[in-house]
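Welcome, and thanks for stopping by. Have a look at the sequence and the model below, and then let us walk through them together.

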Amino acid sequence: RGGAFAVSVHAEALQGRAVMPGAGGEQAFSTDPIELRVESSDLADAVRLTLNTAAQVAGNAAGVVQADVTANGLLTDAGAVRTGGPESVEGLVLIDELATAVLQPFADASGLDLGRDIGPALTAQLNGTASFGDGGVPDTDASFEIAAEHLTAVGAATVREGVLSVGGTGEGEITARLARVGPALNSFLVDRGVNITRGGPA
């Protein structure tokens, strides 16, 4: 108990090429060096992990990723590592101005054009806390926010005694607004002979 430490990991930048839909074939991509730091002023209290990096596609900024997570109560009063993990974990993950072209391959099967239907970039933030107690499913509170040119979404969820509550049940709720619903619906309906020429927000 009472031990302090700090470890920093500096990973070199990544570089490569990938096919980006709508970009005319392969595009060069790269990341900034990945900075990972794990530190604690007292192991009996908390251990904090932070991560920072950014990406570029074809020389243009394609998103920033930041994470900040803290684990509390890793040790018992006797100084042993707690069985089943820490007492609690809290943290946030922020993805800022992520180019939707990076995500497009995961949406191809749905027919969605993310750049058109959502926007060229999105920002997302996830916050959460989890209390592990005596084991089992931890009590959890989580929330998220997503913002893009044509999409806004916010949501919250809780887990209590193994029961998940979302979408207006309990303390959780999820709301979303899609400004260009017509083109998005066409992605699913055009093969069924339906073509929506105008569509407002939803």
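## A loop residue and its neighbours

Leu-43 is partly exposed, with 30% relative accessible area; here buried means under 20% relative accessible area, exposed over 50%, and partly exposed in between (1.4 Å probe, protein chains only). Before going on, please note that this is a predicted model, in which local features need pLDDT of at least 70 and side-chain atom pairs count only at pLDDT 80 or more, while totals for chains, interfaces and linings use all residues. Residues are numbered from 1 along each chain as its sequence is written, and side-chain values use heavy atoms, leaving out hydrogens and water.

Leu-43 sits in the loop between strand E4 (34-42) and E5. Helices (H or I, at least four residues) and strands (E, at least two) are DSSP runs, numbered from the N terminus. Together with Phe-5, Val-7 and Val-9, Leu-43 forms a nonpolar patch on the surface, and the accessible area of these residues comes to about 280 Å². A patch is made of residues with over 30% relative accessible area and no salt bridge, where nonpolar side chains (Val, Leu, Ile, Met, Phe, Trp, Tyr) are joined within 5 Å and like charges within 9 Å. Accessible areas come from the Shrake-Rupley method with a 1.4 Å probe, and for residues only the protein chains shown count as cover.

Is Ser-40 buried or exposed? At 7% relative accessibility, Ser-40 counts as buried, and its place is in strand E4. A polar atom of the Ser-40 side chain lies 3.3 Å from the backbone nitrogen of Leu-43. The backbone oxygen of Ala-46 is 2.6 Å from a polar atom of the Ser-40 side chain. Both are polar contacts (a pair of N or O atoms within 3.5 Å; within protein, one must be able to donate a hydrogen and the other to accept it, and residues adjacent in sequence count only if both atoms are side-chain atoms). Leaving aside residues up to four places away in sequence, Ser-40 touches Gly-3, Ala-4, Phe-5, Ala-46 and Val-47, where a contact means heavy atoms within 4.5 Å.

## The chain as a whole

The protein chain has three helices and 12 strands. Of its 202 residues, 26% are buried. The accessible surface of the chain comes to about 12100 Å², and 57% of that belongs to carbon and sulfur atoms. Among contacts between residues at least 6 apart in sequence, 44% join residues at least 24 apart.

## Charged pairs

How many salt bridges does a search of the whole structure find? There are four, a salt bridge being a side-chain nitrogen of Lys or Arg within 4 Å of a carboxyl oxygen of Asp or Glu. Among them are these pairs:

| Pair | Closest N to O |
|---|---|
| Arg-37 and Glu-39 | 3.4 Å |
| Arg-48 and Asp-68 | 2.5 Å |
| Arg-160 and Asp-141 | 3.0 Å |

Arg-48 lies in strand E5 (residues 46-57) and Asp-68 in strand E6 (residues 60-72), so their salt bridge ties together parts that are 20 residues apart in sequence. Arg-48 is partly exposed at 35% relative accessibility, and so is Asp-68 at 23%.

Arg-160, in strand E10 (residues 151-160), and Asp-141, in strand E9 (residues 139-148), link distant parts of the chain, 19 residues apart. Arg-160 counts as partly exposed at 36%, and Asp-141 does too at 29%. For the remaining pair in the table, Arg-37 is partly exposed at 31% and Glu-39 is partly exposed at 25%.

## The nonpolar core

In soluble globular proteins, nonpolar side chains tend to be buried together. Here, the largest nonpolar core has seven residues: Ala-107, Leu-114, Ile-118, Leu-122, Ala-124, Ala-148 and Leu-151. Such a core is a set of buried Ala, Val, Leu, Ile, Met, Phe, Trp, Tyr and Cys residues joined through side-chain atoms within 4.5 Å. Beyond four places away in sequence, Leu-122 touches several residues, including Ile-95, Glu-97, Leu-103 and Ala-148.

## Two backbone angles

Most residues other than glycine have a negative phi. Glu-97, in strand E7 (residues 88-99), has a positive phi of about 55 degrees although it is not a glycine. Glu-97 is partly exposed, with a relative accessible area of 48%. Glu-161 also has a positive phi, about 50 degrees, without being a glycine. Glu-161 is found in the loop between E10 and strand E11 (163-165) and is exposed, at 78% relative accessible area.
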